[in-house]
Amino acid sequence: MNQNLLSNFWADFSTEMGMPALRWQILALILCFVLGWALARSARSIIAVREDEIHPMRRLGLESFTRVMWPLLTLLLIVIAKPILLHFGGGVDLLRIAIPLVGSFALIRFISYVMHRAFARGGKLGGFVLLTGKGFALLIWIVVAMHITGLLPNLVEFLENTSIPLGRNKISVWMVLQGALSICVTLIIALWASSMLEERLMGIDSIHSSMRVVLSRMGRALLILIGLLLSLSMVGIDLTVLSVFGGALGVGLGLGLQKIASSYVSGFIILLERSLTIGDTVTLDKFSGRVSQINTRYTVLRGGDGTDTVVPNEMFVSNAVQNFSLTDSVVQVSTRITVDYRTDIDVALRLLEEAALSEDRVRKGPDRTPGATLAAFGVDGIDLQLGFWVNDPEGRGGVLSNVNRAIWRSFQEHKINVPSARREIRLIDEQYSAIKERLNSPQSPV
């Protein structure tokens, strides 16, 4: 019956045209579609009403799954309507065709939902993922079309009889396709489950952010490994063969992939030790900036000019790292200024401290108040130094500029002179006479 769905439908349609049985099938399909749409719309309305009570990430998942609910509910209602019509003696050929069509539509929506949850970054999918989703959709529609027309069993039989030589053994094309499909499906489901696990972990505020990242990365790797092993066992591949592959992988890691493996291990060390967290301001070698991402292989530093630097995690473990916010985010900033020797030093020091206190982002607590000192007696004047604390290490450049401007305005108001460096060049008589004769000589170049 399945391989002749289309021919049976046309035969019954030509004989039952205008009869109540066909009209009941059409009416049942319309009711199933309308009820499925209404139930899915009600679910979306409930989510919209309780929008403030639902976690943002969970709300995003529910809103995405409601797009799958309509074809799923419609398919369920059609399956329920089929035995009811058979009980009352009506035909169901139209419903038999509608079930694979609606089921394929629900499957495509579900695959799109799973891929969006597994691969979406910032709410957007990459071009390759979108192309893969369209390829899955096209493949599903082709299979459904061949199922309805009755060509699918013949194709399966042809693929089973076509074999590919593999050493001394042969493997059918149908088994290869089954293996590739099962691997793709299990990996996508594993990535979907890992993304859901990551969302749940990131919502637990009682666990440190670094530990949450470690657990999510380990959970993703474990789920992918389990999915891969399950898919291989379902195809019929002996898992003991993987021991050879494991030995080859160990040799590859020892020879050419040791840097990559070191970066992955270093990533877990960084996350477990909590020496770096997202938001820290660090300096490593010639790179500096705020940590925006910590991945298993690399860390992204966002510089003050907006540029992102991708640094392998191995560098954070093997080199010295200056972390401005490891224990706290308070850093000290200092500036120097030279005043005239005739300046009242006590007044100048007081004005320096008042200029620092006039900036809002300068720490004014009793433990870390601004302090001005006499640094040295210079050639051009007295060198004064002002030190103050800033709460945000990334914004210290702007704070320093504002404090320097306040110092300049205050010194201008109080008539404190900031001397400029002057240099005098004196020539003794013998040197001056020799230079003058050389310039007045006829052979001297003009």
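Biologist: Why is V330 called buried?

Modeller: The model is predicted, and V330 has a relative accessible area of 12% in it. Buried means under 20%, so V330, at 12%, is called buried.

Biologist: Where does V330 lie, and which residues does V330 touch?

Modeller: V330 is placed in the loop between β7 and β8, the latter spanning residues 331–339. Leaving aside residues up to four places away in sequence, V330 touches R363, R368, W389, V390 and N391. Of these partners, R363 stands 33 residues from V330 along the chain, and their C-alpha atoms are separated by 8.4 Å.

Biologist: How do you know that V330 and R363 touch, given a C-alpha separation of 8.4 Å?

Modeller: Contact is judged on heavy atoms within 4.5 Å, whereas the 8.4 Å refers to the C-alpha atoms alone. The C-alpha separation therefore does not decide the matter under that definition, and R363 is listed among the contacts of V330.

Biologist: What makes strand β10 mostly covered?

Modeller: Strand β10 runs over residues 382–390, and seven of its nine residues are buried. Each of those seven falls under the 20% cut-off, because that is what buried means.

Biologist: How do you know that β10 pairs with β8 and with β9?

Modeller: Two strands pair if at least two bridges are found between them. β8 and β10 are joined by nine bridges, and β9 (residues 371–377) and β10 by six. Both counts therefore satisfy the requirement of at least two. The strands run antiparallel in the β8 and β10 pair, as they do in the β9 and β10 pair. As examples of residues facing each other, V333 stands opposite F388 in β10, and A372 stands opposite L386 in β10. Furthermore, β9 and β10 form a hairpin, with four residues between them.

Biologist: In the open sheet of five strands, what is the strand order, and why are β6 and β7 called edge strands?

Modeller: The order is β6-β5-β4-β3-β7, with antiparallel pairing. β6 (308–312) and β7 (322–323) are the edge strands, as each pairs on one side only. The partner of β6 is β5 (residues 298–302), with five bridges in the antiparallel sense. Within this pairing, V310 in β6 is the bridge partner of V300.

Biologist: What makes N313 a buried residue, and what does its side chain meet?

Modeller: N313 belongs to helix α11 (residues 313–318). Its relative accessible area is 0%, and so N313 lies under the 20% cut-off and is buried. The side chains of N313 and T299 are joined by a polar contact of 2.6 Å. This distance is inside the limit of 3.5 Å for such a pair, and the term polar contact therefore applies. Among the other residues that N313 touches are S263, S266, I270, N295 and Y298.

Biologist: How many salt bridges are there, and why is the pair D340 and R342 one of them?

Modeller: The count comes to five. The closest N and O atoms of D340 and R342 are 2.9 Å apart; a salt bridge requires a distance within 4 Å, and the pair therefore qualifies. The two partners differ in cover: D340 is buried at 13%, whereas R342 is exposed at 74%.

Biologist: How do you know that E354 with R350 and R361 with E359 are salt bridges too?

Modeller: For E354 and R350 the closest N and O atoms are 3.1 Å apart, and for R361 and E359 they are 3.6 Å apart. Both distances are within 4 Å, and both pairs therefore count. E354 and R350 lie in helix α12 (residues 345–357), four residues apart, about one turn of the helix.

Biologist: Are E354, R350, R361 and E359 buried, exposed or partly exposed?

Modeller: E354, at 41%, R350, at 40%, and R361, at 40%, are partly exposed, because these values lie between 20% and 50%. E359, at 13%, is buried.

Biologist: What makes L27 eligible for a surface patch, and which residues form the patch?

Modeller: L27, in helix α2 (residues 20–49), has a relative accessible area of 39%. Patch residues need over 30%, and L27 therefore passes. W24, L27, L31 and L35 form this nonpolar patch, with about 420 Å² of accessible area together.

Technical notes
Residues are numbered from 1 along each chain as its sequence is written. This is a predicted model: local features need pLDDT of at least 70, side-chain atom pairs count only at pLDDT 80 or more; totals for chains, interfaces and linings use all residues. Side-chain values use heavy atoms; hydrogens and water are left out. Patches are made of residues with over 30% relative accessible area and no salt bridge: like charges are joined within 9 Å, nonpolar side chains (Val, Leu, Ile, Met, Phe, Trp, Tyr) within 5 Å. Accessible areas come from the Shrake-Rupley method with a 1.4 Å probe; for residues, only the protein chains shown count as cover. A salt bridge is a side-chain nitrogen of Lys or Arg within 4 Å of a carboxyl oxygen of Asp or Glu. Buried means under 20% relative accessible area, exposed over 50%, partly exposed in between (1.4 Å probe, protein chains only). A polar contact is a pair of N or O atoms within 3.5 Å; within protein, one must be able to donate a hydrogen and the other to accept it, and residues adjacent in sequence count only if both atoms are side-chain atoms.
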